[in-house]
Amino acid sequence: MVALSLSLCGRPANAFPVQPMLISVLAQGNAITDPYAILRYALPIDNEPIRKIQSAIEDISNYLRGKRWPPIVKDVKTASFLLTLRSDKILEDVPETNKPQAQTILEKLKTEVVQLQEAADKKDKEQVQQIRESLLSKITDLEELMVVGFPFEVPAEYANLPQLKGRAIVEVETTKGTLTLVVDGYSAPVNAGNFVDLVKRGFYDNLPFSRSGDDFVVQTGDPIGPEEGFIDPETKEYRAIPLEILVKGEDAPIYGATLEDMGIYLPDLALPFNAYGAVALARPSLDPNGGSSQFFFFKFDNELTPPGFNLMDGRYAVFGYVIDGKEVLGEINEKDKIISAKVIDGLDNLVEPSAS
C-alpha cells in the first residue's frame, strides 16, 4: 500500500479535489481504451455468444499492428464458429419486434466474417482492419436491438432532475472544429440527462474552454457572470447534480459519494476514464454532489490511468465519450470556445423532471 496524492487544479467551485488516497499499486489486466468498445460493454444486455463474438473481433487489434497472423486467424475462427452454431442463442435475447432486423444483421455478420477470414489468409492488414470495423459496427447495432426498457429505477429523490433513459449523440462545434459525443444514460441517467437538457437549452453555446491540470483536461460549462453552474429559470436555484457511478455487476449506480469514500478501490466501472475523450461532470473539490453545468474532457494520461490503477475512476462521473474529433480535442486550449452544441440523435430518450 502506498499513499498517493492526485493534484489537479481548476476553478475553486468546480475543481478537482486534492486529497490523499490509499490504494494498492498492483495493476491488473489490460484496460479497454476504445470508447466504442466501452460503450458496447456498457449496454444493459447479457447475451454470452454475442459478447464472445464481440471480444474475438475486438481482440484482433491487439495483434494487427505486429502482424501476428496466427492469433488473428484464431479470433476469426472463434467468431465464425459462434455465428454458425449459436445464432439461435443470440436471437433469444432479441424482442420479437426486432427479430427480423437482427436476423438480417446476423446474416451480414456471417458474410463479413468469411471475408475477414479471406483477408487474414492473405495477410492483408488494411482489409482486415476495414472489415473488423464494419463487423463491430454491426455487432453494436445487434446488441442495441437486445436492450429492453431501462435497466434500473433512478432514486425518487432525483425525480426533479432531467434524466436520459437511453443514449444520445451530441455534436459540439468549437473554434478548433467539431466534436461528436455519445452520451450514455444507461449508466449515468442523471448526469447524462442534465447534460443533454443543457445542450437542448443552448446553455453551452459561446462558452469558453479552460485548461486544468497538466494539460490532460479541457473544461468548460462555466456560464458568463458570477454563477458557476446552471440556475433553473423555474426554481431560480442552482441545479446540483449528484455524483453517479455504475460499478460493473451492480444493479444500479452508486449516488452521492466517491467510491473512495465508500471504501471501494480500483473498481471495474461501466464508464471508466480509460479512453481518450471521456466526458465527465466537474464538481466542487469537497462536494461530490455539487456539480452542475461544468464538465470536462479527459485527455488520456498513462500516469493517471494505468491498467488496474486508475486514479480518476470513482471520483468523477463519466457520462459519455468523444467518438469523433479526437484530433480537435487535442488542439483546444483556453483561447477557444464552444460555438454551438446540439443533440443530433436520441433526444426522445430525455425524460423531463416530474417535479420542480
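Biologist: Arg 283 is buried yet has no salt bridge, so how far away is the nearest side chain of opposite charge?
Modeller: This is a predicted model, where local features need pLDDT of at least 70, side-chain atom pairs need 80 or more, and totals for chains, interfaces and linings use all residues. Numbering starts at 1 along each chain as its sequence is written, and side-chain values use heavy atoms, leaving out hydrogens and water. Arg 283 is in the loop between β10 and β11 and is buried (under 20% relative accessible area with a 1.4 Å probe, protein chains only; over 50% is exposed, in between partly exposed). A salt bridge needs a Lys or Arg side-chain nitrogen within 4 Å of an Asp or Glu carboxyl oxygen, and for Arg 283 the nearest side chain of opposite charge (Lys and Arg positive, Asp and Glu negative, His and chain ends not counted) is Asp 287, at 6.9 Å.

Biologist: OK, and how many salt bridges does that rule give?
Modeller: Side chains of opposite charge can pair when their charged atoms come close. Going by the rule for this model, the count is 15.

Biologist: How many residues apart are Arg 51 and Glu 143?
Modeller: Those two form a salt bridge, with their closest N and O atoms 3.4 Å apart. Arg 51 counts as buried at 14% relative accessibility, while Glu 143 is buried at 0%. Arg 51 sits in helix α2 (residues 48–59) and Glu 143 in helix α7 (residues 125–146), so this pair links distant parts of the chain. Helices (H or I, at least four residues) and strands (E, at least two) are DSSP runs numbered from the N terminus, and here the gap between the two residues is 92.

Biologist: Which residue does Lys 138 meet in a salt bridge?
Modeller: Lys 138 is also in helix α7, and its partner is 26 residues away in helix α6 (residues 99–121). Both residues are buried. The N-to-O distance is 2.8 Å, and the partner is Glu 112.

Biologist: Which residues make up the salt-bridge network that has Asp 197 in it?
Modeller: Asp 197 meets Arg 239 at 2.8 Å, N to O. Asp 197 lies in helix α8 and Arg 239 in the loop between β7 and β8, so the pair ties together parts 42 residues apart in sequence. Asp 197 and Arg 239 are both buried. The linked residues are Asp 197, Arg 201 and Arg 239.

Biologist: Now the rings: what is the angle between the planes of Phe 195 and Phe 295?
Modeller: Aromatic rings (Phe, Tyr, or the six-membered ring of Trp) pair with centres within 6.5 Å; planes under 30 degrees apart are stacked, over 60 edge-to-face, the rest tilted. Phe 195 is buried at 2%, and Phe 295 is buried at 1%. Phe 195 is in helix α8 (residues 189–201) and Phe 295 in strand β11 (residues 295–298), so the pair joins parts 100 residues apart in sequence. The two rings are edge-to-face, 5.1 Å centre to centre, with an angle of 75°.

Biologist: Last one: in β12, which residue is the bridge partner of Val 183?
Modeller: Strand β12 (residues 318–324) has 6 of its 7 residues buried, so it is largely enclosed by the rest of the structure. Strands pair if DSSP finds at least two bridges between them, and β12 runs antiparallel to β10 (residues 278–281) with 3 bridges. Strand β5 (residues 177–184) is joined to β12 by 4 bridges, also antiparallel. Val 183 has as its partner in β12 Gly 320.
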